[in-house]
Amino acid sequence: MERRATCAKNLFMEVRIKLFLGILVGAWTLGASAQQRSKCDKHRDKAYEEFQMQDYKKAAKTIKKAIKCNPNDAQYHQLSAAINETLGDTSESIKAHQASVNAEPMDQGNYYYFASYLYRIEKYELCLNVIDDYYAAPLLEGFNPKRHAAKMPIPEKIERLKASATLSLRDSKLMANLNIQNMGPDINTANSEYWPGMNLDGSTFVFTRLVDHQEDFYFSYKKSSGWSKSIPAPGRINTPENEGTSSVFMGADKQWLFFTVCNQGGFGSCDLFYSELNGSKWGPRNNMGEVINSEFWDAQPSISADGNTLVFSSARRKGSQGDKDLWIAKRINGMWQEPVNMGPKINTKRSEQAPFLHYDGRTLYFSSDGHDGFGEHDLFVVRMNEAGEWGEPQNLGKGINTQTNDVGFYVDALGQKAYFASQRGGGYGGMDIYSMDLPEHLKPLPVNYLLGKVLDKETNQPIKAKVRLVDLKNENVWFEDSVAEFLIPIVPNNNYALLTEASGYLFDSKNFQPLPSTEDKPFEVIAALERYKTNQIVRLNNIFFDVDKFDLKNESFTELAEVIRVLKQNPEMHIEISGHTDNTGSVEHNQVLSKNRAQAVVAYLVEKGIDKKRLTSIGFGSSKPADTNETASGRALNRRIEMRIVKVKN
């Protein structure tokens, strides 16, 4: 469904005005003569007059007289329900609605209004039961479609009501643990604050503030006791015009801010820009270019943790699904590719805005007024599967979403804390920024990251190289780019190979298997590449065997493909594959095991087309330890496969 359930206020007005004016049409009028109306109808007419005059207590007494006179008239009970609802008498309102459906059990409209009321008073399970009765009414004996079937737009509205009640029933149990809190006067003011975000390490909080129709960036910095008093962004970002909707990318040594600038030149009404942090100040603004920006409205960027994926909102761009759509663009070898519409699962005929692509690269939060929800703009989450396909959006739920606007959802790197802007009551004014504890079912994957550099081993100078991070479980490539520095997000409990290669250099191999306990401390790595030369050795860190076995595990094939690439690029190169063990077990056993493992690698290379004459294998057992055998970590380092260059063309 592309429209959302009507908010409680509108539902109330619908019941109070549309329903009860409808009662009058054709059935009776206040101007009709007394002779034309029964004694019971007189009480009803008077109750309705008192209701319209807002004398609700009198109306409640008067409608009781009508019901006592004729307890089987559903319209009397409907009017009683509205009067008691206005008085705030929940018990009497429920009784009146129930009496209405009992009086005319085949009338679908009565069930809709009863279910709407139950939704407004947050009795979601009862609401869904009454909706079931609505759908069952046509099965009752004597049902007449012309008389009893609900007229449009009720059939559409009952569908939306059912969706909202289902969501609300699920989310009502979670509300107590959300811990939603206003971020306080250091962030929020009597003006509007929105579009919250942070850098990856969570040390800087950035948001947009609207003052006298002027949008600017403000920054707050992490302290031991919370957040510092927010200040205008230092440097050259803010101007006398509007700037907003930021996303921070933190590289290995530098930071960039991606943001929206409107009506200040560029390719359309609003364009995407970026600025680089120079010391403590942000530098000049740079347009992201005509590949990303269109002649229309392009805004609200979210940049991935590795800086190579951009999600943003755009209006009327060719290929759009609706009013405002989410688009995604990839950067390959430093060049942004043409943005792609994120498709009809995510985009509707209405507006999808304010995306935030979490650091895990697989969880996207956004705002929409096109998917089913609770208010004007609701917050949603959608996840990417292992095949790289986006699933179905999920509403973040009642409590996070309200009957007003809720936008700009940001989640920290660990997936524990979320921040968003809302117009809910009790704030400092306008939109305020709130924080909350994220429930398990809405969390992204917790993220750590690799922070690294590529150096020439001899000169110790930075060099640009192709860096690949591969998930060995499924061979998915998490990162691939030609860089001298890199910052790559990783998630716990995955087995990663980090492979670095450059022309004329032997590749570097590393393995990472992060645990949840390592989330708060990044892996800092240096890939030191060495030019090809005789007797050069590289440890193949991503060759795996089961304990005491020599069959290659599937996780080994990514690294072996790198060995094959090197050999094919250097047809005169000859190599030796050596196996090593720790000192557990007998010397003879370890010798045989290490030899068999080295031979298994050679056999695989031959199978993939490498001439056997270029390959030799040897097993050293435990005779050449790389570390101590007195500790578990030392023994793990001693169990290894190495590749030595025996011959190479210089």
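This is a short dialogue on how to read some features of a predicted model.

User: Before we start, which residues can be used for local features?
Analyst: This is a predicted model, so to speak of local features we need pLDDT of at least 70, side-chain atom pairs count only at pLDDT 80 or more, and totals for chains, interfaces and linings use all residues. Numbering runs from 1 along each chain as its sequence is written, and side-chain values use heavy atoms, with hydrogens and water left out.

User: OK, how many helices and strands are there?
Analyst: Helices (H or I, at least four residues) and strands (E, at least two) are DSSP runs, numbered from the N terminus. Here the chain has 12 helices and 35 strands.

User: And why is the chain called more spread out than a compact globule?
Analyst: You compare the radius of gyration, taken over C-alpha atoms, with the globule rule, 2.2 Å times the number of residues to the power 0.38. For 650 residues the rule gives 26 Å, and this chain comes out at 33 Å, well over that, so it is more spread out than a compact globule. Along the principal axes, the C-alpha atoms fill a box of roughly 115 × 60 × 50 Å.

User: What share of the residues is buried?
Analyst: The cut-offs first: buried means under 20% relative accessible area, exposed over 50%, and partly exposed in between (1.4 Å probe, protein chains only). Of the 650 residues, 54% are buried. For the surface itself, Shrake-Rupley areas with a 1.4 Å probe are used, and for residues only the protein chains shown count as cover. That surface is about 29700 Å², with 51% of it belonging to carbon and sulfur atoms.

User: How do I read contacts along the sequence, and what percentage comes from residues 24 or more positions apart?
Analyst: A contact is a pair with heavy atoms within 4.5 Å. Among contacts with a separation of 6 or more, 57% come from residues 24 or more positions apart.

User: Can you show me that on single residues? What does Leu438 touch?
Analyst: Leucine 438 sits in the loop between strand 23 (432-437) and strand 24, and it is buried at 5% relative accessible area. Not counting residues up to four places away in sequence, leucine 438 touches Tyr365, Phe409, Val411, Gly415, Gln416, Ala418, Lys443 and Pro444.
Serine 246 is a strand case: it belongs to strand 7 (residues 243-250) and is buried at 11%. With the same four places left out, the contacts of serine 246 include Trp195, Phe217 and Pro301.

User: And something in a helix?
Analyst: Try helix 9 (154-172). Lysine 157 lies in that helix and is buried, at 13%. Arginine 170 is also in helix 9, but is partly exposed at 33%. Apart from neighbours within four places in sequence, arginine 170 is in contact with Gln394, Asn395, Leu396 and Gly397. Its C-alpha is 9.3 Å from that of tyrosine 124, 46 residues away in sequence.

User: Now rings. How is an aromatic pair described?
Analyst: By the distance of the centres and the angle of the planes. Rings of Phe, Tyr and Trp (its six-membered ring) pair if their centres lie within 6.5 Å; planes under 30 degrees apart are stacked, over 60 edge-to-face, and the rest tilted. The structure holds 27 aromatic pairs. Take phenylalanine 356 and tyrosine 359: the centres are 6.0 Å apart and the planes at 80°, so the pair is edge-to-face. Phenylalanine 356 is buried at 10%, and tyrosine 359 is buried at 5%. Both belong to a cluster linked by ring pairs, including Phe205, Trp227, Tyr365 and Tyr434.

User: Which backbone oddities should I look at?
Analyst: Check omega and phi. Methionine 152 and proline 153 are joined by a cis peptide bond, with omega about 10°. Proline 153 is in the loop between helix 8 (145-148) and helix 9.
For positive phi in a residue other than glycine, look at glutamate 122, near 65°, in the loop between helix 6 (108-120) and helix 7 (124-136). Asparagine 460 also has a positive phi, about 65°; its loop runs between strand 24 (448-456) and strand 25 (465-471), and asparagine 460 is exposed at 53%.
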